[in-house]
Number of protein chains: 2
Amino acid sequence: MARREPLNREKVLDAALALADEEGLDGLSMRRLAKALGVEAMSLYNHVSNKADLLDGIAERVFAQVEPPDPELPWQEQVRSAALSMYRAFRRHPVVPMALVTDRSNPTSVRALSPLDALVGALYAGGFDDQGAWRALGAVNSLVFGSLLLSTGGFAADVREHAGATNVGAYVTQMNPAALPHFSRLLRWTQGGGVDPEADFRHALDALIKGLENQAS
Amino acid sequence: MARREPLNREKVLDAALALADEEGLDGLSMRRLAKALGVEAMSLYNHVSNKADLLDGIAERVFAQVEPPDPELPWQEQVRSAALSMYRAFRRHPVVPMALVTDRSNPTSVRALSPLDALVGALYAGGFDDQGAWRALGAVNSLVFGSLLLSTGGFAADVREHAGATNVGAYVTQMNPAALPHFSRLLRWTQGGGVDPEADFRHALDALIKGLENQAS
DNA sequence: GGCGTATGCTTACGCTGTAAGTAGAGGAGA
DNA sequence: TCTCCTCTACTTACAGCGTAAGCATACGCC
């Protein structure tokens, strides 16, 4: 009986991330993942304690791609680059933010959090006190994950194929223009193309950072 | 055989929302909902075409609680009050934003969107062009839903019981302080209590609106 | 009174995550 | 070399899910 190359956690997580990227979060089941690895479902439990653990694992893998900001830069630039790096890392794997929101298991690992630690450090260095840093961090994270989720999740899913449309404006496909005049003008504009989610996010981030400057005390 | 008071869509949605509030999104299954209504699961399909349709329905019900802003106010105030109203409506039903992100079905109804229409109108009136309004709307929505999701979802779920802790900072329960010095300082601060998610959100919203003013051209 | 239609129930299918038990291969110690 | 221990993977099984198909009942209208 031919001995198979043994599994390990890394291979499982790699395959899980690939499968999720390809088929969406719904397509990622233990059985399908096992099949993709040429293995039975229960074998995965030797390397992953749970499905939640599996999702944690792929989230951590994506977090690890986030680059910490250069501590020499002013705090505004550090916040901007850290936030953008998070945004880009998760944009490459659109289902992962949904996994983060959906699952509810272990505390996130130290490794995943280290870029955020640098970000908090930048805020402290920029003159924020504890509450200010807490709020600024929450605001930035909310904007990053909110942008990701609104441009990826159910909101926009039904029109994702339209011209790269994104965000909440996009999830209306037919409407009575008289009932929602401004909204339908906006929607018509988006259908002219030229919507770029990352550029939109950058704009929003710029605005937020500008506003945070006033609160830095 | 005693004739039962007949079901209707409204009753189904009411019960679904109540069940979801009470048991979380995972606790909301067709079978359990049916049992709560004293009915068999398949009977629900006479009033709801899908589980996704069910989730849409409860989301719409929450959207309907959002109050449109006073069109006499300056656009900044309109944005602020509309965003806050959305935040509060969804905060009362914490699982609904997750349902919105998770499901992927019909376009959202006109009724649900009318407060957003007013918001877009305020942006146009404030001097934003199409792209500016699009971006501002996306930024505000991202912040609202990001705040809701981070303070409710998997991120914070494992520590939700700690002192109302919220947002990304909260999902670390034990860590090596040396590895994440700034983060653990911040975390220690949050455990002193006094974290108020809505106040934090308001601060973030103020910052964002301040930043958007610069972009209003 | 009879009939069409709407409502709800029953059964069934294929899917899910995962608990429990079993088989076999690799390495360690005698 | 033989034996035993551990680790990996497989098999089976269970309870739950969403929902398709078919059947029974009760109401409103002719």
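**Two DNA strands and a buried helix**

Hi everyone, let me start at DNA strand D, where helix 2 of chain B, residues 30-36, gives the largest share of the nearby surface, with 3 residues. Before I go on, please keep in mind that this is a predicted model.

So, who else sits around strand D? In total, 20 residues surround DNA strand D, and the closest come from both chains: Glu40(A), Ser43(A) and His47(A), together with Arg31(B) and Tyr45(B). Of the strand D atoms that come within 4 Å of the protein, sugar and phosphate make up 59%. By class, the residues of that surface are 8 nonpolar, 5 polar and 7 charged.

Now zoom in on the phosphates of strand D. From chain A, Ser43(A) places a polar side-chain atom 2.7 Å from a phosphate oxygen. From chain B, Ser29(B) has a polar side-chain atom 2.8 Å from a phosphate oxygen of this strand, and an N or O atom in the side chain of Lys51(B) is 2.9 Å from one.

Let's turn to DNA strand C. Here 20 residues surround the strand, and the closest are Arg31(A), Tyr45(A) and Lys51(A) from one chain, plus Glu40(B) and Ser43(B) from the other. The largest share of this surface, 3 residues, belongs to helix 2 of chain A, residues 30-36. The class breakdown is 8 nonpolar, 5 polar and 7 charged residues. Among the strand C atoms within 4 Å of the protein, 55% are sugar or phosphate, and the rest are in bases.

Which part of strand C does the side chain of Arg31(A) approach? A base: one of the polar side-chain atoms of Arg31(A) is 2.5 Å from a base nitrogen of strand C. Chain B, for its part, approaches phosphate oxygens of strand C, with a polar side-chain atom of Ser43(B) at 2.8 Å and one of His47(B) at 2.9 Å.

A quick look at the record, too. An unreviewed UniProt entry puts a "DNA-binding region" at residues 29-48 of chain A. In our model that span is 35% helix and 0% strand, and its end C-alpha atoms are 13 Å apart.

Next, let's leave the DNA and look at helix 10 of chain A, residues 197-215. With 19 residues at 1.5 Å each, this helix should span 27 Å, and its end C-alpha atoms are indeed 27 Å apart, so the two agree. At the start of the helix, a side-chain oxygen of Asp196(A) reaches to within 3.1 Å of the backbone nitrogen of Glu198(A).

The buried residues of helix 10 include Phe201(A), Leu205(A), Leu208(A), Ile209(A) and Leu212(A), and also Asp200(A). What covers the buried residues? From chain A, the cover includes helix 4 (75-91) and helix 7 (130-152), and from chain B it includes helix 7 (130-152) and helix 10 (197-215).

That brings me to my last residue, Arg135(B), which lies in helix 7 of chain B. Is Arg135(B) buried or exposed? Its relative accessibility is 14%, so Arg135(B) counts as buried. Leaving aside residues up to four places away in sequence, Arg135(B) touches Ala199(A), Asp200(A) and His203(A). With Asp200(A), there is a polar contact of 2.8 Å between the two side chains. And Asp200(A), you'll recall, is one of the buried residues of helix 10 of chain A.

That's my tour, thanks for listening!

Conventions: Residues are numbered from 1 along each chain as its sequence is written. Chains are lettered from A and ligands numbered from 1 in the order in which they are written. This is a predicted model: local features need pLDDT of at least 70, side-chain atom pairs count only at pLDDT 80 or more; totals for chains, interfaces and linings use all residues. Side-chain values use heavy atoms; hydrogens and water are left out. A residue is near a molecule or strand if one of its heavy atoms lies within 4 Å of it. A polar contact is a pair of N or O atoms within 3.5 Å; within protein, one must be able to donate a hydrogen and the other to accept it, and residues adjacent in sequence count only if both atoms are side-chain atoms. Helices (H or I, at least four residues) and strands (E, at least two) are DSSP runs, numbered from the N terminus. Ala, Val, Leu, Ile, Met, Phe, Trp, Tyr, Cys and Pro count as nonpolar, Asp, Glu, Lys and Arg as charged, and the others, Gly among them, as polar. UniProt positions are given in the numbering used here, feature names are shortened, and annotations may be inferred rather than shown by experiment. The expected span of a helix is 1.5 Å times one less than its number of residues. Buried means under 20% relative accessible area, exposed over 50%, partly exposed in between (1.4 Å probe, protein chains only). Contact means heavy atoms within 4.5 Å.
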